[in-house]
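Colleague: I am new to this structure. Could you walk me through the sheet and some of the salt bridges?

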Amino acid sequence: MERPRIVGILLMGILVWCCMATSANADTKMIYKDSNQPYNVRIKDLMGRMTLEEKIGQMIQIERNVSSPEVMRQYFIGSLLSGGGSEPTPQASPKDWIDMVNEFQKGSLSSRLGIPMIYGIDAVHGHNNVYKATIFPHNIGLVNRIGVVTALEVRATGIHYVFAPCIAVCRDPRWGRCYESYSEDPKIVQDMTEIIPGLQGQIPSSYPKGDPFVGGMESVAACAKHYIGDGGTTKGINENNTVIDNKGLLSIHMPGYVSSIRKGVATVMISYSSLNGVKMHANYEMVTNFLKKNLRFKGFVISDWEGIDRITSPPHANYTYSIEASVNAGLDMIMLPYNYTEFIDGLTYLVKNNFVPMSRIDDAVKRILLVKFTMGLFENPLADEKFVEQLGCEAHRELAREAVRKSLVLLKNGKSADAPLLPLPKKASNILVAGSHADNLGYQCGGWTIKWMGFSGNNLTTGTTILTAIKNTVDPTTKVVYNENPDAEFVKSGGFSHAIVVVGEHPYAETKGDNLNLTIPEPGPSTITNVCGTVKCVVVVVSGRPVVIQPYVASIEALVAAWLPGSEGQGVADVLFGDFGFTGKLSFTWFKTVDQLPMHVGDPHYDPLFPLGFGLTTQPAKA
């Protein structure tokens with residue numbers, strides 16, 4: 001009877017060993033790495049393997065300047081960014097930048113589970129090392145093509161996530177971020193979300209509603225921002241309070257987000273501002289209940305730069321509370337961007353002591369991983385050099401030049417309709433070009449170009465100033481005289497057939513752009529007075545928004561709103577001299593005085609200098 005017992009024990013041992021071996025094999029088979037599996041299966045498998053520490057790491061976005069491959073590996077950091085001013089050194093080539101991104105990524109891939117990080121950067125207003133054109137005309141086909149080109153150029157630097165588009169509805173031009181907005185009209189802003197399929201790729205008609213979509217290596221993850229009401233603050237004060245009823249919120253500030261989600265936008269960034277007194281970074285009702293539940297947004301929600309710090313006043317006064325309030329409100333990824341160990345310790349404490357439920361952490365990580373799987377980051381985590389040749393290529397510059405031409409708005413043309421000044425003749429004896437913005441690439445580009453606050457001069461980017469463009473366009477026999485700020489006597493004695501005066505705002509970004517008077521800085525007004533009081537002139541205004549121009553209109557023969565034309569100033573000359581006609585229309589009301597602000601179509605006091613939708617047209621000049 002002993003032998004059967006021994007055999008039974010052996011059989012049981014073999015069975016147990018087989019079960020253990022099968023379990024071990026199943027455990028080593030990392031389903032989340034199998035690209036043939038559905039996203040939800042891969043996410044479930046991966047999350048089942050993740051520790052709390054690894055999950056919290058995925059919720060973190062830090063600045064590249066405080067990171068290293070070792071930091072990425074040790075803390076399981078989910079995302080990096082290059083913030084405003086975190087520009088490459090002048091000596092850095094695109095390949096250098098790609099190598100840097102890949103070194104960070106290799107740090108992430110060397111962690112226990114090898115989860116790739118996602119690298120973000122501000123665009124379209126931030127990733128403009130080559131060109132920049134602020135697009136104001138209602139032209140969705142053009143903005144889609146701009147999205148495609150932007151994605152390619154971002155990919156050319158190894159980056160795969162852009163903090164764009166800004167779908168703010170700027171209701172007061174005194175706001176320092178108004179130039180980031182497409183329009184004061186929510187319908188125009190909604191239509192211009194067509195940049196999203198340009199950036200991310202065209203979403204298939206059968207794609208699940210609300211799910212993030214990024215269509216391949218030539219596309220990037222987009223970010224609709226800043227949710228919500230950022231453009232509606234009192235007096236346009238940046239990061240301030242938007243006071244509005246539910247009907248106004250849904251009809252003015254929400255349509256852009258509805259369209260963005262339908263188009264598969266991958267992420268949504270929260271606004272610094274408050275909504276009816278509640279900080280948006282701590283607004284559970286709007287983030288979780290409305291955005292995630294009502295609108296069924298399935299991508300991830302990201303904070304703005306140090307956005308959770310600013311929940312308290314002064315900022316960072318009670319950081320543990322800021323972490324708790326923001327994460328429980330529904331924020332998934334936090335753009336810290338520096339103090340990552342403090343955040344990790346704080347959120348770990350809050351979870352372990354049941355102030356933040358584990359279900360909230362899991363929801364955040366699930367959303368982040370969904371975007372990463374959708375992007376194909378697990379299959380193709382490293383940047384590819386094949387896009388480098390796209391950076392600043394001729395075709396892309398031509399698109400930027402086209403965008404400049406189509407965004408110019410002609411506000412006045414001659415003393416009467418029967419005597420237009422534009423288009424200007426290419427052949428003239430002697431023309432004057434004047435103004436602080438005529439020969440300054442930095443001024444043409446505005447803020448968020450290379451540096452956070454922009455720059456002055458022609459040394460930090462490649463492009464064509466408006467002065468150079470004029471010289472390139474006129475007949476070789478035409479003498480072009482440039483004087484930045486001529487006095488009246490110089491103008492009188494010059495014998496000029498006509499003059500082009502280019503003036504406007506100096507570069508700015510965010511709160512430093514808040515401006516309660518909106519006047520053109522000196523010597524701009526003096527230049528207009530000295531030149532236009534003596535000779536027929538066209539004034540080109542380079543600005544991110546409508547500015548005070550009424551006092552000078554009577555003396556100006558022709559007036560052009562050029563917005564921020566960026567590096568391709570040739571687009572301005574293309575239209576001034578009639579190679580192309582003016583077609584642009586105002587997407588912002590041009591006020592008479594700031595005392596009228598805020599002012600919109602339908603208001604009882606609506607009495608603008610130039611109304612929303614205004615814009616004269618011209619035909620191309622005959623050769």
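**Sheet and salt bridges**

Modeller: Let us start with the sheet. 5 strands make up an open sheet, ordered E4-E3-E2-E1-E11, with parallel pairing. Strands are DSSP runs of E with at least two residues, helices are runs of H or I with at least four, and both are numbered from the N terminus. Two strands pair if DSSP finds at least two bridges between them. This is a predicted model: local features need pLDDT of at least 70, side-chain atom pairs count only at pLDDT 80 or more, and totals for chains, interfaces and linings use all residues. Residues are numbered from 1 along each chain as its sequence is written, and side-chain values use heavy atoms, without hydrogens and water.

Colleague: Which strands stand at the edges of the sheet?

Modeller: An edge strand has a single partner, so one side is left without a neighbour in the sheet. That applies to E4 (161-162) and E11 (334-335).

Colleague: Which residue stands opposite Gln-61?

Modeller: Strand E1 covers residues 60-63 and pairs with E11 in the parallel sense over 2 bridges. Opposite Gln-61, in E11, stands Met-335.

Colleague: How many salt bridges does a search of the whole structure find?

Modeller: A salt bridge here is a side-chain nitrogen of Lys or Arg within 4 Å of a carboxyl oxygen of Asp or Glu. The search of the whole structure gives 29.

Colleague: How many residues apart in sequence are the parts tied together by Lys-263 and Glu-194?

Modeller: These two side chains form a salt bridge at 3.3 Å, N to O. Lys-263 lies in the loop between helix H10 (255-262) and strand E7 (267-270), and Glu-194 in the loop between helix H7 (186-191) and helix H8 (195-200), so the parts tied together are apart in sequence by 69 residues.

Colleague: Is Lys-263 buried or exposed?

Modeller: Buried means under 20% relative accessible area, exposed over 50%, and partly exposed in between (1.4 Å probe, protein chains only). Lys-263 has 19% relative accessibility, so Lys-263 counts as buried.

Colleague: Which residues are joined into one network with Lys-292 and Asp-332?

Modeller: Lys-292 and Asp-332 meet in a salt bridge of 2.8 Å, N to O. Lys-292 is in helix H11 (residues 284-294) and Asp-332 in the loop between H12 and E11, 40 residues apart. Lys-292 counts as buried at 8% relative accessibility, and Asp-332 is buried at 0%. Salt bridges that share partners join these two with Arg-360, Asp-363 and Arg-367.
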